[in-house]
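Please look at the sequence and the structure shown below. The paragraphs that follow go through the chain, its sheets and one annotated residue.

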Amino acid sequence: MSDSEKKVEKPTTTASNSSSSDEEEDKDPTMDVIRRFFANTLNLGGSTDAKADLKVEKVIPDLSFEGFSEHWREHGFRKIVTMVGAGISTSAGIPDFRSPGSGLYSNLKKYKLPHPTAIFDLDYFEKNPAPFFALAKELYPGSFIPTPAHYFVRLLHDKGLLQRHYTQNIDTLDRLTGLPEEKIIEAHGSFHTNHCIKCRKEYDMAWMKAEIFADRLPRCKHCKGVVKPDIVFFGENLPEKFYTSPDEDFQDCDLLIIMGTSLEVQPFASLVQRPGPRCLRLLINRDAVGQASFVPWMDPHERSLLFDRPNNTRDVAYLSDCDAGVLALAKALGWEDELQQLITSEKEKLNAGQESDQQDKEKPHSDPVDKASGSEAKKDASL
Ligand SMILES: [Zn+2]
C-alpha cells in the first residue's frame, strides 16, 4: 500500500515538466498495484510500465556487473565490508580440506577417523590430537601465498574504503597481504595464536610451527597439556569480535563484497543479512549462492540475495572464480595496474621473508600467483 502511495507521489515532484494527461493515464493507482502484484509475485513483467515501476525501487539503475562497475566509477563507495570463504584461497593451492573425498582426507585414512570432520571436533582432539597436527602440517601458513582476491581486499584498505574484512579461512593469507590485524575478523579463528587446552597458556606461531614441522605433539611447558592453534573447532565459540563488530561495521555500510563462500556455514553466512536495504551486495563466486527461499515466509524481510528475481533491488552477481572476478572489477575501475603492483611488491617481500626464514619447503604453491600477475588468459587458465 505504501508503495502505491509512493508511486502516486513521485510524478508530482516532476509535474511541472511533464504533461498531466500522460500521468493520469499511467498512474492510475489501482492498475499500478495490480501490475506490481503480477510483476512481483508471478515474475511476469507485464507491460513495460510495470517493469519501469519495479526499477524505481532499485538502489542503482542497472544491477548487472557492468552497471555496478559504472556506479562505482561514477559515485564510489565510502564504507565497504568484505566477507570471504575458502574459494578465495583455492588458487593459492590450499585444498578444500573440509570436503569429504578430497585428497587430504584420503591421506588421513591411516588415522581411522570415526568421520572426516572428527579432525575438527574438540572432544576427539582431546583424545587423539595426532590427525589434526598431520593436517596442520600440510596446511600450515607460510607454505602458501595470498591470491589476487586477497590483495584486492588489501587494495580497498589502502584506498581507505575497507571497514572490515570477515574471513572464514584459517590459513592467515588475509594477514599475509599486510592488512592490519584490526581490519580482519577471522570468524573461525586462525593459526596465528595458540593455547594450551588445559591451562590456557598462550604460545606464538613460531613455536607452534617448529613443533609441527619437527613432528612433535605440541605440549605445554607448564602442564604438559596439548597446545592447540586457535582455530574454531566444532563445539567452540566463534571469537567475540565476530559478535561485537557487525553493528558498527554494517551501520551505513554501502557495499558488501562476498567472495568464495557457499554461504552455508552459520553464523558466518548470516552476515549477508546485516547491511541495511540501501547497501549493495556484490557476490563474486562460482555459483549464485545465498539466494532467498522460494517460500516467502522463510525470508520475510527479503534479506537473502535476490539477483535476477524481479524484486531484487541491490544484489549483483559475478559468477566466476574469485581471482577472475576481482581482476575484472579492478579492470573496470581502472585499478588493474595498482593491483598488479601491489601483488608483485608484496610477493617479493614474502619471498624474501620466507627465504631468510628457514630451510622451508620448496614452496610449490607460489605458481598460481605468478600466473595471476601475468596476462588475464593465464589467470583464467590457472583455475
Ligand atoms: Zn598448559
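**Two sheets and an annotated histidine**

Three bridges join strand 4 (residues 189-196) to strand 5, and the two run antiparallel. This is a predicted model, in which local features need pLDDT of at least 70 and side-chain atom pairs count only at pLDDT 80 or more, while totals for chains, interfaces and linings use all residues. Residues are numbered from 1 along each chain as its sequence is written. Helices (H or I, at least four residues) and strands (E, at least two) are DSSP runs, numbered from the N terminus. Two strands pair if DSSP finds at least two bridges between them.

Within the pairing of strands 4 and 5, Asn194 has Tyr203 of strand 5 as its bridge partner. Both strands belong to an open sheet of three strands in the order 5-4-6, with antiparallel pairing. Strand 5 (202-204) and strand 6 (227-231) are the edges; each has a single partner strand, so one side of each lacks a neighbour in the sheet. From one strand to the next, the twist averages 40°. Angles run from 0 to 180 degrees between N-to-C directions, and axes are lines fitted to C-alpha atoms, for helices over the stretch in contact. Helix 11 (residues 205-213) lies across strand 4, strand 5 and strand 6, and runs at about 75° to strand 5.

The other sheet to consider is open and has six strands, in the order 3-2-1-7-8-9, with parallel pairing. Its edges are strand 3 (184-186) and strand 9 (315-319); each has a single partner strand, so one side of each is left without a neighbour in the sheet. Direction ignored, neighbouring strands of this sheet are turned by 15° against each other on average. Helix 14 (residues 322-333) packs on this sheet and touches strand 7, strand 8 (280-285) and strand 9, its direction making about 130° with that of strand 8. Contact between two residues requires that their C-beta atoms, placed from the backbone, lie within 7 Å.

The pairings of this sheet can be followed strand by strand. Strand 1 (residues 80-84) is joined to strand 7 (residues 255-259) by five bridges, and the two run parallel. Here Thr82 stands opposite Ile257 in strand 7. Five bridges also join strand 1 to strand 2, again in parallel, and there Thr82 stands opposite His165. Strand 2 is in turn joined to strand 3 by three bridges, also running parallel, with His165 opposite Ile184 in strand 3. Six of the six residues of strand 2 (residues 162-167) are buried. A residue is buried if 20 or more other C-beta atoms lie within 10 Å of its own, exposed if 12 or fewer, and partly exposed in between, with C-beta atoms placed from the backbone.

The loop between strand 3 and strand 4 contains His188. The UniProt annotation "active site", from an unreviewed entry, covers this residue; UniProt positions are given in the numbering used here, feature names are shortened, and annotations may be inferred rather than shown by experiment. His188 counts as buried because 20 other C-beta atoms lie within 10 Å. Leaving aside residues up to four places away in sequence, His188 touches Gln168, Ile170, Ile231 and Val232.

For the protein chain as a whole, there are 17 helices and nine strands. Of its 383 residues, 33% count as buried. Among contacts with a separation of 6 or more, 67% are between residues 24 or more positions apart.
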